[in-house]
Amino acid sequence: MIGMIIRFIVSALVLMLVSFLIPGFQVAGFTGALIAAIVIAILGFIVESLLGKSVSPQSRGIVGFITAAVVIYLAQFIVPSMRVTWWGALLASLVIGIIDAFVPTELR
């Protein structure tokens, strides 16, 4: 349980960093980023459950990259403190993928 809480805190911090770096991607405050991290994780789980592991962002392929961007874009319709453009979702997916290579946000 503690591991999951740490994962979401790290994910929220990554989203805040991405919000600072990427134009077209905005998350208001730590609470908004934490809610966004939870929503993105849930949406990612649903997409992965429906379409299989090959669409997972952890697959590190172009399909995982595009899937992550779509999940990030759709999360803005659930999280009121999050605003994302298509371009921002693509760039955020790229930056999150790069950050995740160095600071994994998933427990392995």
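Start by selecting residues 86–102: this is helix α4, with 17 residues. Keep in mind as you click around that this is a predicted model. From the first C-alpha of α4 to the last, the helix reaches 25 Å, close to the 24 Å expected at 1.5 Å a residue.

Next, colour the buried residues of α4: G88, A89, A92, S93, V95, I99 and D100. What do they pack against? Switch on α1 (2–21), β1 (25–27), α3 and β2, and you have the partners of those buried residues. While you look at the helix, here's a handy rule: an α-helix has 3.6 residues a turn, so residues three or four places apart point the same way.

Now show just α1 and α4. Their axes come within 10 Å and cross at roughly 130°. That makes α1 oblique to α4. Turn the pair around and you can check the handedness too, as α1 passes α4 in a right-handed crossing.

Zoom in on the place where these two helices touch. On the α1 side, pick V14, L15, L17 and V18; on the α4 side, pick A92, V95, I96 and I99, which they meet.

Stay with V95 for a moment, which sits in helix α4. Is V95 buried or exposed? Its relative accessibility is 18%, and V95 counts as buried because the cut-off is under 20%. Leaving out residues up to four places away in sequence, V95 touches V18 and I22. Try a distance label as well: the C-alpha atoms of V95 and V14 are separated by 9.3 Å, although these residues are 81 apart along the chain.

Time to move to a loop. Select Q76, found between α3 (62–75) and β2 (82–84). Q76 is in a loop, yet Q76 is buried, with a relative accessible area of 11%. Which residues does Q76 touch, not counting those up to four places away in sequence? Light up M82, R83 and V84 to see them.

Last stop: the database view. The unreviewed UniProt entry lists residues 5–22, 28–50, 62–79 and 85–103 under "transmembrane region". Select 5–22 and you'll find a span that is 94% helix and 0% strand, with its end C-alpha atoms 25 Å apart. Then select 28–50, where the chain is 96% helix and 0% strand, and the end C-alpha atoms lie 30 Å apart.

Definitions and conventions: Residues are numbered from 1 along each chain as its sequence is written. This is a predicted model: local features need pLDDT of at least 70, side-chain atom pairs count only at pLDDT 80 or more; totals for chains, interfaces and linings use all residues. Side-chain values use heavy atoms; hydrogens and water are left out. Helices (H or I, at least four residues) and strands (E, at least two) are DSSP runs, numbered from the N terminus. Buried means under 20% relative accessible area, exposed over 50%, partly exposed in between (1.4 Å probe, protein chains only). Contact means heavy atoms within 4.5 Å. UniProt positions are given in the numbering used here, feature names are shortened, and annotations may be inferred rather than shown by experiment. The expected span of a helix is 1.5 Å times one less than its number of residues. Axes are lines fitted to C-alpha atoms, for helices over the stretch in contact, and angles run from 0 to 180 degrees between N-to-C directions. Angles under 35 degrees count as roughly parallel, over 145 as roughly antiparallel, 65 to 115 as roughly perpendicular and the rest as oblique. A crossing is left-handed if the near helix is turned anticlockwise from the far one by less than a right angle, and right-handed if clockwise.
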